[in-house]
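This report concerns strands, their pairing and the cysteines of one protein. Please keep the structure in view while reading.

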Amino acid sequence: MARGPKKHMKRLNAPKHWMLDKLLGSYAPKPSAGPHKTRECLPLIVFLRNRLKYALNGREVQAILMQRLVKVDHKVRTDTTFPAGFMDVISIEKTGENFRLVYDVKGRFAIHRITDEEAKYKLCRVKRVSVGKGGVPHIVTHDGRTLRYPDPLIKANDTIRLDLENQKITDFVRFDTGNVCMITGGRNIGRVGIITHRERHVGGFEIVHVKDSLDRTFATRISNVFVIGESNKPWISLPKGKGVKLTIAEERDRRRAAAAAAH
């Protein structure tokens, strides 16, 4: 008989993009309840141990976190399974490093190092705009934040630029054709392109058409589209590959050219 929430996660049930090996243990870290969903997050233990290789095992990760060395969005986090997710800024002051979690075109979180200047803000997608108790307008963002008294021009699906120092909205960009966006779900996850067209379907899913820098077009649901800048200028630095998805043959040719140049 199940009593309460599940506290364990089997290795085979863990999201594929964590890239945990199937045979080295039967369990995986179960993300704590937090701002991002289980399937769309990267627990701090996976980031520190499996990506950065700063620890060999879970106990070492705990020792690092308990020294209050790791901040997520400028807030110290000591929970090894804290769910960091898309656009989160992870800072380790002792090494002077800042990372932003963004997807590569394979749908994995890239280890994307950023400057101190860029680590001061993050982009948040507006999920809804509503009016709360006492007639106070507020917006809810993709990472579970509720921000009161926003600019009245901000609408759902827009993107805001949030200053992490004082938790204030410094700027926003409309969800509009001609703006650059990143895809955060579905088959095209991690791709970056310009919004060309938006299909409205009453009672169904709205479809957005996107064109990347190689002039390849693709379509996805509106819920997967995250605007990251105005016209073709992104407000954040992009990971290696700049969000351009290559075919398998193109990837092979690039690898061969790189190998030939190295010899």
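## A covered strand

Strand E13, which spans residues 159-163, is mostly covered: 4 of its 5 residues are buried. The model discussed here is predicted, and every value below is computed from it.

Strand E13 has a partner on each side in the sheet order E12-E11-E10-E13-E14. With strand E10 (residues 121-131), E13 shares 5 bridges, and these two strands run antiparallel. With E14, E13 again shares 5 bridges in the antiparallel sense.

## One residue between two neighbours

Isoleucine 160 in E13 shows how a strand inside a sheet can be paired on both sides. Cysteine 124 stands opposite isoleucine 160. In E14, the bridge partner of isoleucine 160 is phenylalanine 172.

Strands of a sheet pair through backbone hydrogen bonds, in either a parallel or an antiparallel manner.

## The hairpin of E13 and E14

How many residues lie between the strands in the hairpin of E13 and E14? There are 4 residues between them, and in this hairpin glutamine 167 takes a positive phi near 55°.

## The whole sheet

The sheet is open and consists of 5 strands with antiparallel pairing. Its edge strands are E12 (146-148) and E14 (168-173), each of which pairs on one side only. From one strand to the next, the twist averages 40°.

Towards the E12 edge, strand E11 (residues 137-141) pairs with E12 in the antiparallel sense over 3 bridges. Histidine 138 has arginine 148 in E12 as its bridge partner.

## Cysteines without disulfides

How many disulfides does the structure hold? The number is 0. A disulfide requires two cysteine sulfur atoms within 2.5 Å of each other, and two cysteines illustrate why this requirement is not met.

Consider cysteine 124, the residue opposite isoleucine 160. The closest cysteine sulfur to that of cysteine 124 belongs to cysteine 41 and is 17 Å away, so the two are too far apart for a bond. Cysteine 124 is also buried, with a relative accessible area of 0%. For cysteine 181, the closest cysteine sulfur is that of cysteine 124, and because the separation is 17 Å, it is too far for a bond. Cysteine 181 likewise counts as buried, at 0% relative accessibility.

Methods
Residues numbered from 1 in each chain as written. Predicted model: local features only at pLDDT ≥ 70, side-chain atom pairs only at ≥ 80, totals over all residues. Heavy atoms only, no water. Pairing = 2+ DSSP bridges. Axes fitted to C-alpha atoms, helices over the stretch in contact; angles between N-to-C directions. Buried < 20%, exposed > 50% of the residue type's maximum accessible area, 1.4 Å probe, protein only.
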